[in-house]
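Let's take a walk through this model together, starting with a single residue and working outwards to the way the chains meet. Keep the viewer open as you read.

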Number of protein chains: 2
Amino acid sequence: MKKAKKPAARPRPYHHGDLKDQLVAAAEAIILERGVDGFTLREAARRAGVSPAAPAHHFKDAKGLLSEVALRGFKDFGDALAAADARGGGDPARRLHEQGLAYVNFALKNPARFQLMFRKGKWDPAYENFAEVAPRAFAVLEGAVRATFGLAPDAPLTDDTNGFLMATWSVVHGFAHLALSGDLDMAAGPRGGRNAILDRFLPLMLRHLPMPVRK
Amino acid sequence: MKKAKKPAARPRPYHHGDLKDQLVAAAEAIILERGVDGFTLREAARRAGVSPAAPAHHFKDAKGLLSEVALRGFKDFGDALAAADARGGGDPARRLHEQGLAYVNFALKNPARFQLMFRKGKWDPAYENFAEVAPRAFAVLEGAVRATFGLAPDAPLTDDTNGFLMATWSVVHGFAHLALSGDLDMAAGPRGGRNAILDRFLPLMLRHLPMPVRK
DNA sequence: GCTAGTATCTTAACAGCGTACAGATAAGCT
DNA sequence: AGCTTATCTGTACGCTGTTAAGATACTAGC
């Protein structure tokens, strides 16, 4: 009975059974604990209970594993932004506001993924279907901007529309980065932490989102 | 004559003479070529023509060398922002606009330094006089924001002022990050590169800087 | 139900990394 | 002059990612 036909998983079945997903989970955990630079493939393998060479059968290399993590991140990120956009209903300003909230919310609630996602060089843009899922978040934002200016989905962006788009994107992206890196803690006073930033300072900041009509 | 008293530098004087500065220069060059993650202490030593253990006599460790690079970056960054602020004269809006230009300009003209500066964990905030020089850039921004709202230098920031400050900071910071990472190239169309971003899209974006009075 | 093939994992090895340690060399001070 | 200190080398250790060859288990086809 020691060696059941289906070795439940206890002692060390030669075949892991769920290695790929567990490597992804381990990678996310490591990044959460030690930051993106603290990730090592060997540590991920260690946590999954396999040898350092095992991951190679599921991912081309370390970059491959990180690419999978980033890809899943982009997928959820796009979903979150799309849901926020829908929450805005027919009001373009509200759509933008909800997206801004969702953008920063995602970053602070998924710091490991977010930081990895915006670290070019850590993942391979040619990995799987990156080219399709990654730009989705941007498309959602562009949609709300088009609605704001009454532009058709295929109409080219004017200079001013483009500037507005970049400013909107920049402000939430910059805020997310500053919040994650801790730079806002000092600006926002001693008391704080992430919840304070999300609940208190993010709404304050979002009041100054770009507005369509400017003198 | 082979071994002159002052060994000019040719064959390999045992003592380098200018190692510290050359290590800093090498580090900046490496980061420029290979990115922050591409930096290695051994490569810096290699370029300076010394053994891998030599840098230890000038910097505590690899982080120490990077700290020196980041510190010099923050110094120049603060200078650039202060100069831009002065350029704005008595008009707070112009001061902010000039600072925004200078902020992104610095980032795109000094990509190696800028990326290192905003990579917590790569340098030590306790290194030398970091605590004094690093916050200077923020202080310059805060000064212009106070002028915008007519706040005294010692008056506490109101909620709205704080939101405005964070929004202003976020938008230029986010834009700089997006521009550096190449994400704007796609948003800004195929033609481009850094000059196009600086000359064309940055001014467009800066038109949407936060404005003091909001309904 | 057996066998062949394939997928998965291990062990061992290699080069490159940061860094610590002991020793060599040069410069400066008294 | 000699002694002290600063600077650099050589060596070594443990870590990293990755590769190659071999072990093990699952799966198809007969």
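A residue counts as buried here if 20 or more other C-beta atoms lie within 10 Å of its own, and as exposed if 12 or fewer do. Keep in mind that this is a predicted model.

With that cut-off in hand, look at Ala84(B), which sits in helix 3 (residues 62-87) of chain B. Ala84(B) has 23 C-beta neighbours inside 10 Å, so it counts as buried. What does Ala84(B) touch once its neighbours within four places in sequence are left aside? The contacts are Glu98(B), Gln99(B), Leu101(B) and Ala102(B). Another residue to pick out from here is Leu96(B): twelve residues separate Ala84(B) and Leu96(B) in sequence, and their C-alpha atoms are 8.6 Å apart in space.

Leu96(B) itself belongs to helix 4 (residues 92-109) of chain B. Is Leu96(B) buried or exposed? It has 26 C-beta neighbours inside 10 Å, so Leu96(B) counts as buried. Setting aside the neighbours within four places in sequence, Leu96(B) is in contact with Ala144(B), Thr148(B), Thr168(B) and Leu209(B). The C-alpha atoms of Leu96(B) and Ala147(B) are separated by 9.9 Å, although the two residues are 51 apart along the chain.

For a contrast, move to His58(B), in the loop between helix 2 (41-48) and helix 3 of chain B. With 16 C-beta neighbours inside 10 Å, His58(B) counts as partly exposed. Beyond the neighbours within four places in sequence, His58(B) is in contact with Leu19(B), Lys20(B) and Leu23(B). Take Leu19(B) from that list: His58(B) and Leu19(B) are 39 residues apart in sequence, with 8.1 Å between their C-alpha atoms.

Next, a backbone oddity. Glu128(A) has a positive phi of about 40° even though it is not a glycine. You'll find Glu128(A) in the loop between helix 5 (111-117) and helix 6 (130-133) of chain A, and it counts as exposed, with 12 C-beta neighbours inside 10 Å. Now switch chains: Glu128(B) also has a positive phi of about 40° without being a glycine. Glu128(B) lies in the loop between helix 5 (111-117) and helix 6 (130-133) of chain B, and with 12 other C-beta atoms within 10 Å, Glu128(B) is exposed.

Time to zoom out to a whole chain. Chain A has ten helices and zero strands, so the run of elements from the N terminus on is simply α-α-α-α-α-α-α-α-α-α. Of the 215 residues of chain A, 38% count as buried. Among the contacts in chain A between residues at least 6 apart in sequence, 66% join residues at least 24 apart. As for confidence, the mean pLDDT of chain A is 90, and 88% of its residues reach 70 or more. One stretch to treat separately is residues 1-10 of chain A, where pLDDT stays under 50 and the model has two contacts beyond four places in sequence.

How do the two chains relate to each other? A turn of 180° and a shift of 0.0 Å along the axis lay chain B on chain A with an RMSD of 0.0 Å. The two copies are thus related as by a two-fold rotation axis.

Now for the place where they meet. In total, 32 residues of chain B are in contact with 32 residues of chain A. On the side of chain B that touches chain A, the elements giving two or more residues are helix 8 (159-181), helix 9 (183-187) and helix 10 of chain B. Helix 8 of chain B gives the most, with 16 residues. By character, the residues on that side divide into 16 nonpolar, eleven polar and five charged. And 100% of the interface residues of chain B are also interface residues in chain A, so the copies meet through the same surface.

To finish, focus on one helix pair across this interface. The axes of helix 8 (residues 159-181) of chain A and helix 10 (residues 194-206) of chain B come within 8 Å and cross at roughly 75°. Helix 8 of chain A and helix 10 of chain B are therefore roughly perpendicular to each other. Which residues make the contact? From helix 8 of chain A come Asp159(A), Asn162(A), Gly163(A), Met166(A), Ala167(A) and Ser170(A), which meet Phe201(B), Leu204(B) and Met205(B) in helix 10 of chain B. The residues of this contact divide into five nonpolar, three polar and one charged.

Note on methods:
Residues are numbered from 1 along each chain as its sequence is written. Chains are lettered from A and ligands numbered from 1 in the order in which they are written. This is a predicted model: local features need pLDDT of at least 70, side-chain atom pairs count only at pLDDT 80 or more; totals for chains, interfaces and linings use all residues. Helices (H or I, at least four residues) and strands (E, at least two) are DSSP runs, numbered from the N terminus. Axes are lines fitted to C-alpha atoms, for helices over the stretch in contact, and angles run from 0 to 180 degrees between N-to-C directions. Angles under 35 degrees count as roughly parallel, over 145 as roughly antiparallel, 65 to 115 as roughly perpendicular and the rest as oblique. Two residues are in contact if their C-beta atoms, placed from the backbone, lie within 7 Å. Ala, Val, Leu, Ile, Met, Phe, Trp, Tyr, Cys and Pro count as nonpolar, Asp, Glu, Lys and Arg as charged, and the others, Gly among them, as polar. pLDDT is the predictor's confidence in each residue, from 0 to 100. Copies are superposed by least squares on the C-alpha atoms of residues with pLDDT of at least 70 in both.
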